[in-house]
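Visitor: I would like to go through this model and ask what stands behind the terms used for it. Where shall we start?

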Amino acid sequence: MKKSRKKQKNAQPEPKRNIAPLDLEPPKRYNFNDEIASTFNTAAEKPKNKNEIRRRQNKKRKLKRGVRNFLITACIVFGVAVIGVVLSLTVFFNIASIHITGSGIYSEEQIEQLCDINIGDNMFLIDEDKCKEKLTTALPYIYDITIKRKLPDTVSIEINEAQPSYIIKNDDKTYTLLDDNLKVLENASKDKYNGAIAISNAIPVSNSPGNIIEFENEDTLNCIKSIVAAIKEIELSDVSMISSADKSNNSILYKNRITFELGDCKDLENKLYKALAAVEELDRKNDKLKGKLNVSNGNQIYFTES
């Protein structure tokens with residue numbers, strides 16, 4: 001026992017550690033209900049007396065009554081509109097007469113029968129796209145159709161007839177006639193039709209009247225379409241022939257004496273404008289010159305007299 005006491009007396013006390021006091025704040029309590037209530041229950045909004053309470057209640061009643069009346073009115077208007085649409089598609093605006101104008105090749109009976117617009121049909125249920133597609137395919141010389149409704153009961157069908165714009169000579173010395181969209185108008189024609197542009201070096205594989213012509217080479221069809229579109233876009237006249245041997249060998253015969261060698265079918269409008277400017281310059285020197293004008297490069301132009 002004595003030894004243990006000595007040890008306790010001789011034991012040195014542990015050094016004190018300096019611990020910095022934590023800077024902590026007491027937890028805060030947030031009462032959101034109180035804050036929201038304090039936001040709306042301000043002194044300015046609290047009713048001061050019974051008259052104020054009555055005035056606010058009357059204002060709420062008027063607002064509710066206004067919303068209810070608006071909804072009722074909207075429902076009535078919507079119902080009337082629905083009834084009007086139903087009546088117009090079932091009872092009113094039924095076709096009593098059909099007027100067809102502009103057709104010199106096909107009879108009115110042919111057009112009316114194929115268009116499938118009948119007396120008694122509702123004029124607002126006419127399928128215009130279907131009518132146009134059927135007529136322009138079955139009757140190839142119909143180029144475009146305009147359908148007009150004349151209230152209360154008349155439908156007007158205006159026909160715009162196609163003119164032969166392009167021509168292909170067949171092996172049997174007959175001709176296939178095309179409009180400016182390359183739709184086949186007829187085959188085995190004996191007339192060449194002055195003013196129609198000849199298409200050469202292109203072999204048709206399908207020339208069914210009423211449909212776009214198809215060639216043996218798909219690139220040929222695409223190139224001819226591009227050339228036709230460019231001619232139409234810049235309103236180029238005095239063209240007598242288009243040639244498309246392949247996608248890189250295309251040309252136009254201009255004024256029956258100068259061949260525009262176009263190369264591929266890219267940037268055609270620019271090539272044609274440059275070719276026309278070159279021809280104008282050549283004609284100043286000699287308006288009888290014949291030859292080939294190479295504009296296939298797009299930048300450099302070469303003329304070879306023949």
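Guide: Start with phenylalanine 260. Setting aside neighbours within four places in sequence, phenylalanine 260 is in contact with Asn250, Ser251, Ile252, Tyr254, Leu272, Ala275, Leu276, Val279 and Leu293. This is a predicted model.

Visitor: What makes these residues contacts of phenylalanine 260?

Guide: Contact means heavy atoms within 4.5 Å. Ile252 and Leu293 are among the residues listed for phenylalanine 260, so each has a heavy atom within 4.5 Å of one in that residue.

Visitor: Why is Phe260 called a member of a nonpolar core?

Guide: Such a core is a set of buried residues of certain nonpolar types, joined through side-chain atoms within 4.5 Å. Phe260 is in the largest one, which has 36 residues, and therefore counts as buried, under 20% relative accessible area. Phe260, Tyr166, Leu182, Ile252 and Leu293 touch the most other members.

Visitor: Which elements give two or more residues to this core?

Guide: They are strand 4, strand 7, helix 6, strand 10, strand 11, strand 12 and helix 7. Helix 6 supplies the largest share, 7 residues. Another core, of 25 residues, lies apart from this one; among its members are Leu135, Ile142, Ile147 and Ile167.

Visitor: How do you know that strand 12 and strand 13 pair?

Guide: Pairing requires at least two bridges. Strand 12 (residues 258-263) and strand 13 (residues 291-294) are joined by 4 bridges, so they pair. The two run parallel, and threonine 259 has lysine 292 in strand 13 as its bridge partner.

Visitor: What makes strand 6 and strand 14 edge strands?

Guide: The open sheet has 9 strands in the order 6-5-4-7-10-11-12-13-14, with mixed pairing. Strand 6 (184-189) and strand 14 (302-305) each pair on one side only. From one strand to the next, the twist averages 20 degrees.

Visitor: Which strands does helix 7 lie across?

Guide: Helix 7 (residues 268-285) lies across strand 11, strand 12, strand 13 and strand 14, at about 150 degrees to strand 12. Helix 6 (residues 218-233) lies across strand 4, strand 7, strand 10, strand 11 and strand 12, at about 150 degrees to strand 10.

Visitor: What share of the protein chain counts as buried?

Guide: Of its 306 residues, 29% do. The cut-off is under 20% relative accessible area. The chain exposes about 21,700 Å², of which carbon and sulfur atoms supply 51%.

Note on methods. Residues numbered from 1 in each chain as written. Predicted model: local features only at pLDDT ≥ 70, side-chain atom pairs only at ≥ 80, totals over all residues. Heavy atoms only, no water. Axes fitted to C-alpha atoms, helices over the stretch in contact; angles between N-to-C directions. Buried < 20%, exposed > 50% of the residue type's maximum accessible area, 1.4 Å probe, protein only. Areas by Shrake-Rupley, 256 points an atom, 1.4 Å probe, with all protein chains shown as cover.
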